[in-house]
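User: Could you walk me through how to read the features of this model, one at a time?

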Amino acid sequence: MIVEKPFGRDLSSALSLANSLSALFTENQIYRIDHYLGKEMVQNVISLRFSNKVFSNVWSNHSISNVQITFKEPFGTDGRGGYFDQFGIIRDIIQNHLLQILTLVAMEKPKDLSADSIRDEKVRVLRSVRPLKLDNCVLGQYVRAPNGNGESYLDDPTVPKGSKTATFATIVMYLDNDRWEGVPFIMKAGKATNERKAEVRIQFKNELLPFGDPAHRNELVLRVQPKEAVYLKVNTKSPGLSTISDLVQTELDLSYFSRFAELLLPDAYEALIYDVLCGQQGNFVRTDELIEAWRVFTPLLDEIESKQIDPIPYAYGTRGPKESDDLMFRVGFKPNLDYKWEPPVLSKL
């Protein structure tokens, strides 16, 4: 039995659906699809983490300052606002797609690569999530840009008049375990933003001596879409007639479309349907995993809805509300505004 999300809209509805399914099917017959688990770079997280010794000793709060998991798309609801309005950006993206990525980034090493060993560790991560606070949450809703570009969410004729449904959210999460104590996981998702992007950005702590401020923070970035890539931002001596104290930030770059140019990556759904045909359940959501995910988010969602929180307006085609950046800075993210990753250009021989 293949089941596509949404798997409920809160804890009680998820439990009801799970009980209905379990009355007819055993766990090993149920394949709950979260298509992000079929994306190449998401499936690469476990391989990257646990097959490379170089990451073993730095993958914790001793070296990592914060982790960002981001989803952005440059268009709005485009006529499907009536459906979207029933769920909002937290239910539609963060509670499932981004949370699944968080569990893979934060999990402990599984005893083997079997489906249940991997999912056992993901469930342990979910059970360690600290209760979410409204103070660590920013909600937004897009409006027409000052230059007239785009439309407001409320202009969609399928959206109820006066809707307070968020089309953008930033939520800071913490895990109560030894590895991740004190590290903020910044979950950010938005529609009608300035670009299409999904990525994991792991920002490391400062290396203070002997360079001080010129040594920008290292970042390991897993770019999920578009142009799948893994790159590590590093500091190096500025080339040419310069001293060793003249630093420039660059990257060690593994861009899939250049390194694996001849390889055709399957669509996420193609990869997952193939897993179903092979009876492989590791990339599907188990019942206890689903219930724990809703246990994490239902209290926050209930609070937002009971208090009728007004989302902050942000202009169509922008980064989102300024308050989102303010929250990220408050919990410890430090941007390098002079740096921007550019995908490599394939040369023609």
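User: What residue classes make up the lining of the largest cavity?

Analyst: The general idea first: rolling a probe the size of a water molecule over the atoms shows where empty space is left. On a 1 Å grid over the protein atoms alone, a cavity is a set of points where a 1.4 Å probe fits but cannot get out, a pocket is an open set with protein on both sides within 12 Å along at least five of seven lines, and lining residues have an atom within 4 Å of a point. In this case, the largest cavity's lining holds nine nonpolar, five polar and three charged residues. (Ala, Val, Leu, Ile, Met, Phe, Trp, Tyr, Cys and Pro count as nonpolar, Asp, Glu, Lys and Arg as charged, and the others, Gly among them, as polar.)

Keep in mind that this is a predicted model, where local features need pLDDT of at least 70 and side-chain atom pairs count only at pLDDT 80 or more, while totals for chains, interfaces and linings use all residues. Residues are numbered from 1 along each chain as its sequence is written, and side-chain values use heavy atoms, with hydrogens and water left out.

User: Where should I look for that cavity, and what is its volume?

Analyst: Its volume is about 150 Å³, with grid points joined across faces, edges and corners, and the volume taken as the space filled by probe spheres set on the points. One cavity of 30 Å³ or more is present in the structure. Of the 17 lining residues, Phe7, Gln95, Asn96, Leu290 and Ala293 sit nearest the centre. Two elements, α4 (88-106) and α8, give two or more residues to this lining, and α4 gives the most, with six. Helices here are DSSP runs of H or I with at least four residues, strands are runs of E with at least two, and both are numbered from the N terminus.

User: And which residues lie closest to the centre of the largest pocket?

Analyst: The largest pocket encloses about 710 Å³ of space. It has 28 lining residues, and those closest to its centre are Glu195, Lys197, Arg201, Arg319 and Tyr339. By class, this lining has 10 nonpolar, four polar and 14 charged residues. At least two lining residues apiece come from β3 (64-72), β7 (197-204), β8 (219-225), β9 (229-237) and α9 (322-330).

User: On to helix packing. At what angle do α1 and α8 pack?

Analyst: Start with the conventions: axes are lines fitted to C-alpha atoms, for helices over the stretch in contact, and angles run from 0 to 180 degrees between N-to-C directions. Under 35 degrees is roughly parallel, over 145 roughly antiparallel, 65 to 115 roughly perpendicular and the rest oblique. Contact means heavy atoms within 4.5 Å.

Helix α1 (residues 11-22) meets helix α8 (residues 287-306) at about 165°, and their axes are 9 Å apart. So α1 is roughly antiparallel to α8. From α1, the contact uses Leu11, Ala14, Leu15 and Ala18, while α8 brings Thr287, Leu290, Ile291, Trp294, Arg295 and Thr298. That's seven nonpolar, two polar and one charged.

User: How do α5 and α8 pack?

Analyst: Helix α5 (residues 115-127) packs on α8 at about 15°, with axes 9 Å apart. That's why α5 counts as roughly parallel to α8. Arg119, Lys122, Val123, Leu126 and Arg127 of α5 touch Asp288, Glu289, Glu292, Ala293, Arg295 and Val296 of α8. This contact has four nonpolar, no polar and seven charged residues.

User: What about the angle between α4 and α5?

Analyst: It's about 105°, with the axes 9 Å apart, so the pair is roughly perpendicular. Leu99, Gln100, Leu102, Thr103, Leu104 and Ala106 of α4 meet Lys122, Val125 and Leu126 of α5. Six of these residues are nonpolar, two polar and one charged.

User: Last one: which backbone spots deserve a look?

Analyst: As a rule, most residues other than glycine have a negative phi, and most peptide bonds are trans. Here the bond from lysine 5 to proline 6 is cis, with omega near 10°, and proline 6 sits in the loop between β1 (2-4) and α1. Another cis bond joins glutamine 225 and proline 226, with omega about -15°; proline 226 is in the loop between β8 and β9. Finally, alanine 192 has a positive phi of about 55°, in the loop between β6 (185-190) and β7.
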